[in-house]
Amino acid sequence: MEAPAAPRNPADPGVVTAEIVVNSPDQMVELGRRLAKLLRAGDLVMLTGELGAGKTTMTRGLGEGLGVRGAVTSPTFVIARVHPSLGDGPPLVHVDAYRLGGGLDEMEDLDLDVSLSDSVIVVEWGEGKVEELTDDRLHLLIHRAAGDTTDEVRRVAVTGVGERWAPVDLGVLSA
């Protein structure tokens, strides 16, 4: 994996960005493990990317890095899964909002606002649906080659929004 330094967005100094190139599913899992080291209870992570981009693969690495119980698989049909911590870290709440059409109103049934303070919440397909939960969030936009391709390369744009992420060096994700 490779990435340039994590620059501050000059238009909004509360936004920190980094871009990482991932060449395989194993590297996507490893990126998730590294990201887990930056996370703490109360963090919201939004994952955006088309089908097959690697959102669940990334979350699998997060689960491994956080040391949670249970295999991290796509929660598309159950909408949300809670993976309790096997140690003293926070649980992982993994949400797939793909089938949810509305905004935060439809998400309220999941009680994410209740879980947020003591969990790490990862929401696939959450853009436009969960931003109102908190002013501080991490957004990962995963780009892959379009069309029928076997290309494994992904470009992951990581954006930290809010005071929580302002002091965090997202460049460590490419190490």
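In the predicted model, the end C-alpha atoms of helix α1 are 17 Å apart, which agrees with the 16 Å that its twelve residues should span at 1.5 Å a residue. The buried residues of α1 are M28, V29, L31, G32, R34, L35 and A36. Helix α2 also has twelve residues, and the distance from its first C-alpha to its last is 16 Å, close to the expected 16 Å at 1.5 Å a residue. Nine of the twelve residues of α2 are buried, so that the helix is mostly covered. These buried positions are K55, T56, T57, M58, T59, G61, L62, G63 and L66. The elements that cover them include α1, β3, β5 (92–96), β6 and β7. After α2 comes G67, with a positive phi near 70 degrees.

The contact between the two helices can be followed at L62, a residue of α2. L62 counts as buried because its relative accessibility is 0%, where the limit for burial is under 20%. Beyond residues up to four places away in sequence, L62 touches G32, R33, L35, A36, L39 and V122. Of these, G32, L35 and A36 are among the buried residues of α1. M28, another buried residue of α1, lies 34 residues from L62 in sequence, with a C-alpha to C-alpha distance of 9.9 Å.

Four helices and eight strands make up the secondary structure of the chain. Their order along the sequence is β-β-α-β-α-β-β-α-α-β-β-β. The chain has 175 residues, and buried residues make up 45% of them. Of the contacts between residues at least 6 apart in sequence, 63% join residues at least 24 apart.

The largest nonpolar core contains 28 residues, and L138 and L140 have the most contacts inside it. At least two residues of this core come from each of β2 (12–22), α1, β3 (44–48), α2, β6 (120–124), β7 (137–144) and β8 (154–161). The largest share, four residues, is supplied by α1. The surroundings of L140 draw on several parts of the sequence: L140 touches L35, V45, M46, L47, T48, M58, V156, A157 and V158, with residues up to four places away not counted. A second core, separate from the first, has nine residues, including L44, M46, V93 and V95.

Strand β5 holds D96. This residue counts as buried because its relative accessibility is 2%. D96 and L47 are 49 residues apart along the chain, and 9.5 Å separates their C-alpha atoms. L47 is also one of the residues touched by L140.

W125 is placed in the loop between β6 and β7. Although W125 is not a glycine, its phi is positive, at about 60 degrees. Most residues other than glycine have a negative phi. W125 counts as partly exposed because its relative accessibility is 24%, where partly exposed covers the range between the limits of under 20% for buried and over 50% for exposed. Leaving out residues up to four places away in sequence, W125 touches L47, G49, E50, L51, K55, D96, A97 and Y98. Thus the contacts of W125 include D96, a residue of β5, and K55, one of the buried residues of α2. The C-alpha atoms of W125 and L47 are 6.2 Å apart, with these positions 78 residues apart along the chain counted as their separation.

The largest pocket holds about 200 Å³ of space. Its lining consists of 18 residues, and G52, A53, G54, K55 and T57 lie nearest the centre of the pocket. Of these, K55 and T57 are among the buried residues of α2. Helices α1 (25–36) and α2 (55–66) each contribute at least two residues to the lining. The largest share of the lining, three residues, is that of α2. By class, six of the lining residues are nonpolar, seven are polar and five are charged.

Conventions. Residues numbered from 1 in each chain as written. Predicted model: local features only at pLDDT ≥ 70, side-chain atom pairs only at ≥ 80, totals over all residues. Heavy atoms only, no water. 1 Å grid on protein atoms, 1.4 Å probe; cavity = no way out; pocket = protein on both sides within 12 Å on 5 of 7 lines; lining within 4 Å. Points joined across faces, edges and corners; volume = space filled by probe spheres on them. Nonpolar A, V, L, I, M, F, W, Y, C, P; charged D, E, K, R; others polar. Core = buried A, V, L, I, M, F, W, Y, C linked by side-chain atoms within 4.5 Å. Buried < 20%, exposed > 50% of the residue type's maximum accessible area, 1.4 Å probe, protein only. Contact = heavy atoms within 4.5 Å. Expected span 1.5 Å × (residues − 1).
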